[in-house]
Amino acid sequence: GSIETYVSQLVRFDTYLFDNHKEKLSDEHLEKMTDAYNEDQLRNDRKGTALRNYIAHAVDALKPLRDGQHHNSFLKLDGDEALDYDTVVDGVYDY
């Protein structure tokens, strides 16, 4: 698959999390995603262009975890509300 396919699938999955499992998203990104969603609502944009664009830019800006630095993933990767297998499976098959 191409990078475009990969990014489009991540956008789709992250939209699923935003709609159904906001607790799995990092607080910083959730706030920005909510702002983008609200912008779409004000514009009556049913496609969610601002939200999808924000997610695509967040995916593009991902940086790996480095020693002594925190990752910048939009997903919660550790802790009680971290992304888990069941949520991923639900997102892949239900959305």
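1. Asp40 is located in helix α2 of this predicted model. Its relative accessible area is 2%, so Asp40 is classed as buried, the limit for that class being under 20%. Setting aside residues up to four places away in sequence, Asp40 touches Asp45, Gly48, Thr49, Ala50 and Leu51. For one of these partners, Leu51, the separation along the chain is eleven residues, and the C-alpha atoms of Asp40 and Leu51 are 7.2 Å apart.

2. Asp40 also takes part in the contact of α2 with α3. On the α2 side the participants are His29, Lys32, Met33, Ala36, Tyr37, Glu39 and Asp40; on the α3 side they are Thr49, Ala50, Leu51, Tyr54, Ile55 and Ala58. By residue class, this contact comprises eight nonpolar, two polar and three charged residues.

3. The geometry of this helix pair may be stated as follows. Two packed helices are described by the angle between their axes and the distance between the axes. For α2 and α3 the angle is about 150° and the axes are 7 Å apart. Because angles over 145 degrees count as roughly antiparallel, α2 is roughly antiparallel to α3.

4. The largest nonpolar core contains 18 residues, and those with the most contacts inside it are Leu25, Met33 and Ile55. Three helices, α1 (3-20), α2 (27-42) and α3 (49-60), each contribute at least two residues to this core. As a general remark, nonpolar side chains in soluble globular proteins tend to be buried together.

5. Ile55 merits a separate comment. Apart from its neighbours within four places in sequence, Ile55 is in contact with Leu10, Val11, Asp14, Thr15 and Met33. Met33 and Ile55 are both listed among the core residues with the most contacts, and both belong to the contact of α2 with α3, Met33 on the α2 side and Ile55 on the α3 side.

6. Aromatic pairs were searched for across the whole structure, and two were found. One pair is formed by Phe18 and Tyr37, with a centre-to-centre distance of 5.6 Å and 50° between the planes, a tilted arrangement. Phe18 lies in helix α1 and Tyr37 in helix α2, 19 residues apart, and the pair thus links distant parts of the chain.

7. How do the accessibilities of these two aromatic residues stand, buried or partly exposed? Phe18 has 2% relative accessibility and therefore counts as buried. Tyr37, at 33% relative accessibility, counts as partly exposed. Tyr37 is, in addition, one of the α2 residues that meet α3.

Terms used: Residues numbered from 1 in each chain as written. Predicted model: local features only at pLDDT ≥ 70, side-chain atom pairs only at ≥ 80, totals over all residues. Heavy atoms only, no water. Core = buried A, V, L, I, M, F, W, Y, C linked by side-chain atoms within 4.5 Å. Buried < 20%, exposed > 50% of the residue type's maximum accessible area, 1.4 Å probe, protein only. Helix = DSSP H or I, 4+ residues; strand = E, 2+ residues; numbered from the N terminus. Contact = heavy atoms within 4.5 Å. Axes fitted to C-alpha atoms, helices over the stretch in contact; angles between N-to-C directions. Parallel < 35°, antiparallel > 145°, perpendicular 65-115°, else oblique. Nonpolar A, V, L, I, M, F, W, Y, C, P; charged D, E, K, R; others polar. Phe/Tyr/Trp six-rings, centres within 6.5 Å; stacked < 30°, edge-to-face > 60°.
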